[in-house]
Amino acid sequence: GRLLPYVGIEGDYGEYKDRGVRGIGYAAGGFVGGEVYLRDRFSLQLDFGPVYVALADRRYSIRSQGIDFMVNVGLTYYLGGSAGAE
């Protein structure tokens, strides 16, 4: 397969609710990775990098924040036109 390296940034915001805990949070970070084509339209991606995460509980006024390390793995099947490996 053909390996295509990439870099990027990511930002996320969300709300959570579980067992009486309810709050909001966000994350922001950068990553580097690569995508390898296993078949004509099927690929595997792996990327990693540091991410800043901040969470706040609305009910108990608890906050947590810090830098963590994130690893993402993905599988993609391309529909339609030509895929990147062609």
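**Exercise 1. In which strand does Val 71 lie, and what surrounds this residue?**

*Solution.* The model examined here is a predicted one.

Step 1. Locate the residue: Val 71 belongs to strand E4.

Step 2. Assign its exposure. The relative accessibility of Val 71 is 52%. Since the class "exposed" begins over 50%, Val 71 counts as exposed.

Step 3. List its contacts. Leaving out residues up to four places away in sequence, Val 71 touches Leu 46, Asp 47 and Phe 48.

Step 4. Take a distance to another part of the chain. Gly 11 is 60 residues from Val 71 in sequence, and the two are 15 Å apart in space, C-alpha to C-alpha.

Step 5. Set the residue in the context of its strand. E4 comprises residues 62-77 and is hardly covered. Among its 16 residues, the count of buried residues is one.

**Exercise 2. Determine the order of the strands in the sheet, and explain why one side of E1 and of E4 is left without a neighbour.**

*Solution.* Step 1. Read the order: four strands form an open sheet, arranged E1-E2-E3-E4 with antiparallel pairing.

Step 2. Identify the edges. E1 and E4 each have a single partner strand and stand at the edges, so one side of each has no neighbour in the sheet.

Step 3. Add the twist, which averages 20 degrees from one strand to the next.

**Exercise 3. Describe each pair of strands by its bridges, its bridge partners and the connection between its members.**

*Solution.* Step 1. Begin with E1 and E2. These strands pair in the antiparallel sense over 16 bridges. Asp 18 has Val 21 in E2 as its bridge partner. The two strands form a hairpin with two residues between them. In this turn, Arg 19 has a positive phi of about 50 degrees.

Step 2. Continue with E2 and E3, an antiparallel pair with 13 bridges. Several partners can be placed along this pair:
- Gly 23 has Asp 57 in E3 as its bridge partner.
- Tyr 26 is opposite Ala 54 in E3.
- Val 36 is opposite Leu 44 in E3.

A hairpin is formed by E2 and E3, with four residues between them.

Step 3. Finish with E3 and E4. Strand E3, residues 42-57, runs antiparallel to E4 and is joined to that strand by 16 bridges. Asp 57 is the bridge partner of Ile 62 in E4, while Phe 42 has Tyr 77 in E4 as its partner. Four residues separate the two strands of this hairpin, and Ser 61 in the turn has a positive phi of about 55 degrees.

Step 4. Combine two of the pairings. Asp 57 is the bridge partner of Gly 23 and also of Ile 62 in E4.

**Exercise 4. Is Gly 30 buried, partly exposed or exposed, and which residues does it contact?**

*Solution.* Step 1. Place the residue: Gly 30 lies in strand E2, which covers residues 21-37.

Step 2. Classify its exposure. Its relative accessible area is 28%. Buried requires a value under 20% and exposed one over 50%; Gly 30 is therefore partly exposed.

Step 3. Find its contacts. With neighbours within four places in sequence set aside, Gly 30 is in contact with Gly 8, Ile 9, Phe 48, Gly 49 and Pro 50.

Step 4. Compare sequence and space for one further residue. Val 51 is 21 residues from Gly 30 in sequence, and their C-alpha atoms are 6.7 Å apart.

**Exercise 5. What is the volume of the largest cavity, and what lines it?**

*Solution.* Step 1. Count the cavities: the structure holds one of 30 Å³ or more.

Step 2. State the volume, which for the largest cavity is about 100 Å³.

Step 3. Examine the lining, which consists of 14 residues. Those nearest the centre are Glu 10, Gly 30, Phe 31, Val 51 and Met 70.

Step 4. Trace the lining to the strands. E1 (3-18), E2, E3 and E4 each supply at least two of its residues.

Step 5. Sort the lining by character: seven residues are nonpolar, four are polar and three are charged.

**Exercise 6. Where is Leu 79 found, and how far is it from Tyr 60?**

*Solution.* Step 1. Leu 79 is found in the segment after E4.

Step 2. With a relative accessible area of 72%, Leu 79 is exposed.

Step 3. Leu 79 and Tyr 60 are 19 residues apart along the chain, and their C-alpha atoms are separated by 46 Å.

Terms used:
Residues numbered from 1 in each chain as written. Predicted model: local features only at pLDDT ≥ 70, side-chain atom pairs only at ≥ 80, totals over all residues. Heavy atoms only, no water. Buried < 20%, exposed > 50% of the residue type's maximum accessible area, 1.4 Å probe, protein only. Pairing = 2+ DSSP bridges. Contact = heavy atoms within 4.5 Å. 1 Å grid on protein atoms, 1.4 Å probe; cavity = no way out; pocket = protein on both sides within 12 Å on 5 of 7 lines; lining within 4 Å. Points joined across faces, edges and corners; volume = space filled by probe spheres on them. Nonpolar A, V, L, I, M, F, W, Y, C, P; charged D, E, K, R; others polar. Axes fitted to C-alpha atoms, helices over the stretch in contact; angles between N-to-C directions.
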